[in-house]
Structure formats: C-alpha cells, structure tokens
Amino acid sequence: MKKVTTSTLKKMKRDGDKITVLTAYDASFAKLFDEQGVDAILIGDSLGMVLQGEDSTLSVTTDDIAYHTRAVKLGAERALIVADMPFMSYATKEVAYTNAATLMAAGAHMVKIEGGSWLLETVSGLVERGIPVCGHLGLTPQSVNVFGGFKVQGRLPEQAQKMIDDAKALEAAGIQMLVLECVPSALAAEISKSIDVPVIGIGAGANTDGQVLVMHDMFGISANYMPKFSKNYLAEHHDIRASVKAFIEEVKAGTFPGPEHSFE
C-alpha cells in the first residue's frame, strides 16, 4: 500500500473515509499496526503514564519522544508518523522550532501541540519552516493542573464557542490535522464540519473524521485506569492483530465509539 501523507488524510476526509490512529512507542508494535492498515501512528506523551507509570504526561521530555519516534520509524513503512511535543517544549516560537526539528529528524512526519489561539504564530512559523502540525483541543493533558483534573471540556456555551473559534484559527494558521479530546459529541461534530482539515476524536463521539486510541487502553493493559472513551478490544478478540483489525473495521463503519464511549 502507498505511504500515507497529509494529502492522503485530507482526501479521506473529503471522501468520508474514516481515519484510524493508534499510539505506538516501539518498532514491533509500529510494524504490527502498520501491517494491519492503521493510517497514522502517534508517539504520544501518554508514554509518561502508560510506559513510565507517572500520573500525568508532564515529566516527558523531547528526548523521550525522539527516542521512541526513532524506534517507531524503523517499524512503520506506510503509516503517517505523528510525534507529540511535550510539556513546555513549545513555550516560545524559538523553543518550538528547535524541538520540532529534533522530532522531525528522529523520523516524525508531523508534530502535535496542545492549545488554541496563543499558538497561532508558532503554528504558522513551524509550517513556514516545513514542519506539518497537528493541533489538539479539548482536554489537553498538559494543562491538567489548570483544569483541576482530567475533565470533559466544552460543555458550557462560551467554552464551546471558543473551541470552535480556536479550531478555525488554527486551521487558518496552517494545521493539517486536529485532535479533539473529551468534548461533547455534538460539539465535535460541529467542529469537524466547520474546518477542512481532518479532525481525529478521542472521547469526542463518532462524528469526527477519525479516531485515535492509546494502545495500552485498547489492549486493556494500562497501568493506571481504563478511560470511559476507550474499549478493551483484546478482551473481546483474544489476539492483538485481530483486535487492531476490529478497531479499524469499527471506526470505518462508524460503530466505534458508541454512546457509552462518548460525552453529551
């Protein structure tokens, strides 16, 4: 199969073909996911929680992400590789440029950053320098201490409108993909219709352009807890490859996530 690029994902959105994304942190799982047909692989700062056992993502460093990105790159031949930029690694434009360059050199095809309007100049600067950017709105885990915990975002009308405005502004600044995490399903659907770039949901209902899950959650082996928005595919299918295949099929069919994995 052909390599997945940002153009591939935009065409998938236009065609109504759902996009599948899983996290991976090593070559073996990246190869397995790639062979099963996952469209994109995210090296998430979730590794701080699922690999290192921390209670948040805040301790993860750029060097951590770069190390795991290099490993994933060696396993994945066709999937788009997206690398998270960790906490405070894009606090200023100049810092963002340096750290994003490190992740791209490690093998990423795109970097992901969390936040809204305050990031517009950083996004446009990264894109001008040849670095594709994925935005991230809603529950942004790096802001967990500001939110007072891992809580659904965008339930109040003014919060919802700000998220819509931020999504449009980020698109204008040059993002080529957007992740929405833990937001009401109706809001996620509205944002997905409001912008032309693919919107990937996690705890954002079924009416986004695609879905992402943390692999440890999907296999039911997370060290801390199982989020409401996830599903233990391994418990049902008893085989890793069959679990990944089922995830892809259910996302493509629009049957995952169901109401029990979503927020109103």
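The largest cavity in this predicted model has a volume of about 50 Å³. A search of the whole structure finds 1 cavity of 30 Å³ or more. To see what surrounds this space, select Val21, Leu42, Val82, Lys112, Cys134, Met177, Val179 and Val212, which line the largest cavity. Colour the selection by class: the lining has 7 nonpolar residues, no polar ones and 1 charged residue.

Keep Val21 and Val212 selected, as both belong to the cavity lining, and turn to the strands. Valine 21 stands opposite valine 212 in β8. Now show strand β1, residues 19-23, together with β8; the two pair in the parallel sense over 4 bridges. Next add strand β7, residues 199-202, which also pairs with β8 in the parallel sense, over 2 bridges. Glycine 201 can be found opposite glutamine 211 in β8.

Are the residues on the two sides of strand β8 buried or exposed? Select residues 210-213 and display their surroundings. Gly210 and Val212 lie on one side, Gln211 and Leu213 lie on the other, and all of them are buried, so both faces of the strand are covered. In a regular strand the side chains alternate between the two faces of the sheet.

Return to Cys134, one of the residues lining the largest cavity. Cysteine 134 is buried, with a relative accessible area of 1%. Select cysteine 182 as well; this residue is likewise buried, with a relative accessible area of 5%. Why does cysteine 134 form no bond with cysteine 182? The closest cysteine sulfur to that of cysteine 134 is in cysteine 182, but it is 15 Å away, which is too far for a bond. A disulfide requires the two sulfur atoms to be within 2.5 Å. Seen from cysteine 182, the closest cysteine sulfur is the one in cysteine 134, again at 15 Å. By this rule the count comes to 0 disulfides.

The last stop is the second largest pocket, which holds about 250 Å³ of space. Its lining consists of 14 residues; select Leu137, Gly138, Lys162, Met163 and Asp166, the ones nearest the centre of the pocket. Which elements each supply at least two residues of this lining? They are β5 (133-138) and α8 (157-173). Helix α8 gives the largest share, with 4 residues. Finally, colour the lining of this pocket by class: it divides into 4 nonpolar, 8 polar and 2 charged residues.

Note on methods
Residues are numbered from 1 along each chain as its sequence is written. This is a predicted model: local features need pLDDT of at least 70, side-chain atom pairs count only at pLDDT 80 or more; totals for chains, interfaces and linings use all residues. Side-chain values use heavy atoms; hydrogens and water are left out. On a 1 Å grid over the protein atoms alone, a cavity is a set of points where a 1.4 Å probe fits but cannot get out, and a pocket is an open set with protein on both sides within 12 Å along at least five of seven lines; lining residues have an atom within 4 Å of a point. Grid points are joined across faces, edges and corners, and a volume is the space filled by probe spheres set on the points. Ala, Val, Leu, Ile, Met, Phe, Trp, Tyr, Cys and Pro count as nonpolar, Asp, Glu, Lys and Arg as charged, and the others, Gly among them, as polar. Buried means under 20% relative accessible area, exposed over 50%, partly exposed in between (1.4 Å probe, protein chains only). Two strands pair if DSSP finds at least two bridges between them.
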